Amino acid sequence: MSQPRPYRREQVVGQPAYLHPDYKSTVKRSPSQPLVIIPHSLSEVTGPVYGHSRLGPLDADLTRQHAGEPLGERIIVSGRVLDENGRPVPHTLLEIWQCNAAGRYIHVKDQHPAPLDPNFTGAGRVLTDENGEYKFITIKPGAYPWKNHHNAWRPAHIHFSLFGPSFITRLVTQMYFPGDPLFPFDPIFNSVTDPRAAARMISRFDMETTVPEWALGYKFDIVLRGRDASVFED
Amino acid sequence: MSDTTPPQDTPYVQTPSQTVGPFFHYALPYEAGPCLVGEATQGERITIEGRVTDGDGLPVTDALIEIWQANSAGRYHHPEDGQDKPLDETFGGFGRAPTDEQGVFRFHTIKPGAVPGLHNEMQAPHINICILARGVLKRMATRLYFAEEAEANRVDPVLNLVPEERRKTLIAERIGDTPVYRLDICLQGENETVFFDI
């Protein structure tokens with residue numbers, strides 16, 4: 001049997017370290033021992049595969065999951081999922097979740113005294129198409145306070161979870177909005193210390209996908225780990 | 001080795017990882033997530049469970065644990081696994097479970113068969129584990145091995161990359177007749193779990 005085709009090792013520049021003391025929860029939750037580097041066997045180059053049958057028709061439209069429309073600024077978030085060789089990642093699952101326009105999650109543990117919206121849950125799922133493209137319709141999330149430090153506020157963000165084709169390519173990230181004044185103060189955003197890398201978490205406003213009289217468009221491309229291009233197949 | 005220089009030949013670099021945060025529970029867990037088996041699934045039914053703790057030994061009550069494993073014949077349900085072994089259409093091999101108020105996660109699955117490593121080596125039966133949590137900025141990867149597979153574990157190519165005194169953090173003991181395998185995950189500290197750079 002041919003050997004599994006290995007992936008490029010993770011690019012440390014551009015990723016957060018596990019320990020980022022300004023983000024206080026990392027202090028007791030980050031490993032103190034170095035990670036053990038392991039080769040890419042079948043266990044790593046395989047991963048869960050999803051089918052269309054498991055998604056509902058309204059999973060990608062967070063504004064139509066209830067009887068009425070949610071409050072807030074309606075937006076269209078779309079983009080491509082690519083690998084590090086620039087190839088599209090087709091048919092892969094994206095899961096997103098976010099707070100409502102007032103900055104409140106429906107989650108029971110969110111105690112921020114901002115209103116819940118009975119017409120907004122804030123969770124969605126979609127598969128990329130054969131070109132790696134995806135699209136969600138949602139509302140723009142609000143900023144919200146948290147208890148990391150005095151007067152701590154999270155910039156508006158949408159959580160993204162992706163699988164890609166293997167156990168290696170699993171990625172959970174957050175999409176931010178351009179020009180947010182809270183960026184300099186947010187230790188989670190700034191856990192990515194390389195400014196060019198941090199910029200890759202910021203979506204861009206896009207007039208092309210903005211729909212007249214209806215909703216603003218934001219583009220957010222996501223890059224997952226890719227194969228080591230210097231290793232050829234058997 | 002991890003590469004500390006950005007690739008020069010491509011503008012495509014992995015998007016930075018961010019924490020899953022504390023508020024994923026209404027979005028990511030799903031009812032069937034902790035149960036990987038159906039009635040017709042081939043293989044020995046097992047439960048795997050453990051408690052996730054932080055550097056102070058306190059339970060991590062807002063972690064999300066994902067597992068990925070081969071079927072009982074030792075084949076992954078994935079197009080890149082071209083081994084000449086039976087596929088079990090009732091077994092996808094992926095599970096997802098949040099930790100509870102005690103920091104405990106639990107999966108109902110089957111014991112996986114052995115899968116090959118590189119260069120015709122065999123790997124001991126194992127389950128791949130991904131850990132996400134508030135305060136965890138990048139997915140953490142580890143594995144669960146089975147204590148009764150002592151001989152296979154002794155020659156497992158991945159376990160052999162781990163300092164001998166830390167291997168025990170990856171090996172689950174079998175408890176009881178309805179087999180429960182216990183593997184606690186310690187994010188930091190004296191009994192820190194071995195995490196992998198994949």
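This is a short walk through a predicted model with chains A and B, starting with chain B, moving on to the contact between the chains, and ending in chain A.

Let us begin with the overall build of chain B. Its secondary structure amounts to one helix and ten strands. If you follow the sequence from start to end, the elements come in the pattern β-β-β-β-β-β-α-β-β-β-β. The radius of gyration of chain B is 17 Å, close to the 16 Å that the globule rule gives for 198 residues, so chain B is as compact as a globular protein of that length. Measured out along its principal axes, the C-alpha trace of chain B spans about 45 × 40 × 35 Å. Of the 198 residues in this chain, 46% count as buried. Contacts in chain B also reach across the sequence: among those between residues at least 6 apart, 71% join residues at least 24 apart.

A good place to look inside chain B is strand 6, which covers residues 140-146. How many of its residues are buried? The count is seven of seven, so strand 6 of chain B is mostly covered. The side chains of this strand can be sorted by direction. Met140(B), Thr142(B), Leu144(B) and Phe146(B) point one way, while Ala141(B), Arg143(B) and Tyr145(B) point the other way. Both groups are buried, Arg143(B) included.

Strand 6 of chain B also has partners. Strands of a sheet pair through backbone hydrogen bonds, either parallel or antiparallel. Here you can see each kind. With strand 5 of chain B, strand 6 pairs in the antiparallel sense over six bridges. One pair of bridge partners to look for is Ile129(B) and Thr142(B), the latter in strand 6. Strands 5 and 6 of chain B form a hairpin with six residues between them. In the turn of that hairpin sits Gly135(B), with a positive phi of about 85°. With strand 7 of chain B, residues 171-175, strand 6 pairs in the parallel sense over two bridges. There, Phe146(B) stands opposite Ala172(B) of strand 7.

For a contrast with the buried strand, turn to Asp56(B). This residue is found in the loop between strand 1 (45-53) and strand 2 (63-68) of chain B. Is Asp56(B) buried or exposed? It counts as exposed, because it has 10 C-beta neighbours inside 10 Å, and 12 or fewer is the cut-off for that class. Asp56(B) also shows how the chain folds back on itself in space: Glu190(B) is 134 residues away in sequence, yet the two C-alpha atoms are 9.9 Å apart.

Now let us see how the two chains meet. In the contact, 63 residues of chain B touch 68 residues of chain A. Which elements of chain B give two or more residues to its side of this contact? They are strand 5 (126-133) and strand 10 (196-197). The largest share, four residues, comes from strand 5 of chain B, the strand that also forms the hairpin with strand 6. By residue type, the side of chain B that touches chain A divides into 33 nonpolar, 20 polar and ten charged residues.

Strand pairing crosses between the chains as well. Strand 1 of chain A, residues 36-37, is joined by two bridges to strand 10 of chain B, and the two run parallel. To find this spot, look for Val36(A), whose bridge partner in strand 10 of chain B is Phe196(B).

From here we step into chain A. Four of its strands form an open sheet in the order 4-3-8-9, with antiparallel pairing. Strand 4 (123-127) and strand 9 (171-176) of chain A are the edge strands, each pairing on one side only. On average, neighbouring strands of this sheet are turned by 25° against each other, direction ignored. In the same sheet order you will find strands 3 and 8 side by side. Strand 3 (residues 93-97) and strand 8 (residues 157-162) of chain A pair in the antiparallel sense over four bridges. Across this pairing, Trp97(A) stands opposite His159(A) of strand 8.

Finally, two loop residues of chain A deserve a look for their backbone angles. Most residues other than glycine have a negative phi. His91(A) has a positive phi, near 55°. Its place is in the loop between strand 2 (74-83) and strand 3 of chain A. With 15 other C-beta atoms within 10 Å, His91(A) is partly exposed. Glu213(A) also has a positive phi, near 60°. This residue lies in the loop between strand 10 (204-205) and strand 11 (216-219) of chain A. Glu213(A) counts as exposed, because it has 4 C-beta neighbours inside 10 Å.

Terms used
Residues numbered from 1 in each chain as written. Chains lettered and ligands numbered in written order. Predicted model: local features only at pLDDT ≥ 70, side-chain atom pairs only at ≥ 80, totals over all residues. Contact = placed C-beta atoms within 7 Å. Nonpolar A, V, L, I, M, F, W, Y, C, P; charged D, E, K, R; others polar. Pairing = 2+ DSSP bridges. Rg over C-alpha atoms; globule rule 2.2 N^0.38 Å. Buried ≥ 20, exposed ≤ 12 C-beta atoms within 10 Å, placed from the backbone. Axes fitted to C-alpha atoms, helices over the stretch in contact; angles between N-to-C directions.
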